[in-house]
Amino acid sequence: MKIKEHTIRTPDSQFNDLVDYPFSAHYLEIDGMRMHYLDEGSEHSKTIFLFHGQPSWSYLYRHMIPLLVSEGYRVIVPDLIGFGKSDKPTQASAHTYTNHVQWMTTFVRKINIYGAAAFFQDWGGMIGLRVLAQEPLWLSRLILSNTALAEMNGLEKFMVPKVLRILASLAGKADLAALTQKTNYGNWASYFRHANTLEIGEVIQALSVKNLSKLEKQAYDAPFPNSDYYAAPRKMPEIVASELNQVNADWEKLKDWNQPVLTLFSDKDPFLADKGYDVKFQENFNGAQHQPHSTVKNASHFLQEDESEQLVQKTVTWLQQTNF
């Protein structure tokens, strides 16, 4: 497939012999670009989608995938456009919230699987929830983990985007040491905007309790061999509180979505722990009422690294309890 103008593709050689990533690559054409996804397990099985965020990719789910397949599920894990093995628009202007939602909505429609389950984390939730608002029959079960959706009204809608811009500005040109020592929105946005070299593996490590090996860190770095590939991870921190009218409209649609919802947030996430984002989901989704929501202990933002077995156990148990 020809590469779209202003788009680049990470060389396949970057992904040779990645540790614990034996999965076959699959691709769909999305808006003239190639989107990569994993598709493991039997096509006749119940399907679970796993959505990653920024700056990770499907490698984040490498430990969960075989466990879910062994439980009899089909597991589909796409790489967001701009990440992983998917094509990467090089212009920051391409990476709008709307574009990422539209690209993933197209992916879901082309995959043509409905009544599935999904596990959303980070931007995987911020994008995936808006996809669900457009395609409410796509899922019949939903697990939300360390994610948010920026529904805002009134003064909050006016102030939050301004405050986030100020926080990023006050952080100056945060380096990896600053981000690691104080992981907050300002340092996060500043690091991804200004760092000459994005050390993705080290960023994942900073937001994980488990110690990653050198090879695992290199695998997280693999999609981004140099700064030409950085447009998506650089831009996404800046669009967290954007397109609020559209987000609010999608939230209203989601409030009418009545399928079972489970929250699995972690206790050591520097961004989201004890901030009430999980409670907001529990209150806004009718299907979240009376579900066994829980906090995943001893896990940071990338809890897939820290507690993959526990996440699978909780996911499978809940899906069975809700007759998925």
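1. A quick definition before we start: the expected span of a helix is 1.5 Å times one less than its number of residues. Helices (H or I, at least four residues) and strands (E, at least two) are DSSP runs, numbered from the N terminus. For α2, residues 97-111, the rule gives 21 Å for 15 residues, and the end C-alpha atoms are indeed 21 Å apart, so the two agree.

2. Some ground rules. This is a predicted model, where local features need pLDDT of at least 70 and side-chain atom pairs count only at pLDDT 80 or more, while totals for chains, interfaces and linings use all residues. Residues are numbered from 1 along each chain as its sequence is written, and side-chain values use heavy atoms, leaving out hydrogens and water.

3. Now the overall picture. The protein chain has 13 helices and 10 strands, and its C-alpha trace spans about 50 × 50 × 40 Å along the principal axes. The radius of gyration (taken over C-alpha atoms; the globule rule is 2.2 Å times the number of residues to the power 0.38) comes out at 18 Å, which agrees with the value near 20 Å for a compact globule of 324 residues.

4. On burial and contacts: 57% of the 324 residues count as buried, where buried means under 20% relative accessible area, exposed over 50%, and partly exposed in between (1.4 Å probe, protein chains only). Contact means heavy atoms within 4.5 Å. Among contacts between residues at least 6 apart in sequence, 75% join residues at least 24 apart.

5. Back to α2 for a moment. Its buried residues are Tyr-97, His-100, Val-101, Trp-103, Met-104, Thr-105, Phe-107, Val-108 and Ile-111. An α-helix has 3.6 residues a turn, so residues three or four places apart point the same way. Right after α2 comes Asn-112, with a positive phi near 60 degrees.

6. The helix I'd look at next is α3 (123-134). With 11 of its 12 residues buried, α3 is largely enclosed by the rest of the structure. The buried ones include Trp-123, Met-126, Arg-130 and Leu-132. Among the elements covering them are β4, α2, β7, β8 (139-145), α10 (244-254) and α11 (277-284). α3 reaches 17 Å from its first C-alpha to its last, close to the 16 Å expected.

7. His-52 is worth a click. This residue sits in the loop between β4 and α1 and is buried, with a relative accessible area of 1%. His-52 and Gln-121 are 69 residues apart in sequence, yet their C-alpha atoms are 5.7 Å apart in space. Leaving aside residues up to four places away in sequence, His-52 touches Gln-121, Trp-123 and Gly-124, among others including Trp-57, Pro-78 and Phe-83.

8. That loop has another feature: the peptide bond from Gln-54 to Pro-55 is cis, with omega near 5 degrees. Pro-55 is found between β4 (47-51) and α1 (64-70).

9. Two aspartates make a nice pair to check. Asp-17, in the loop between β1 (7-8) and β2 (26-30), has a positive phi near 55 degrees. Asp-122, in the loop between β7 (116-121) and α3, has a positive phi near 60 degrees. Which of them is buried or exposed? Asp-17 counts as exposed at 82% relative accessibility, whereas Asp-122 counts as buried at 12%.
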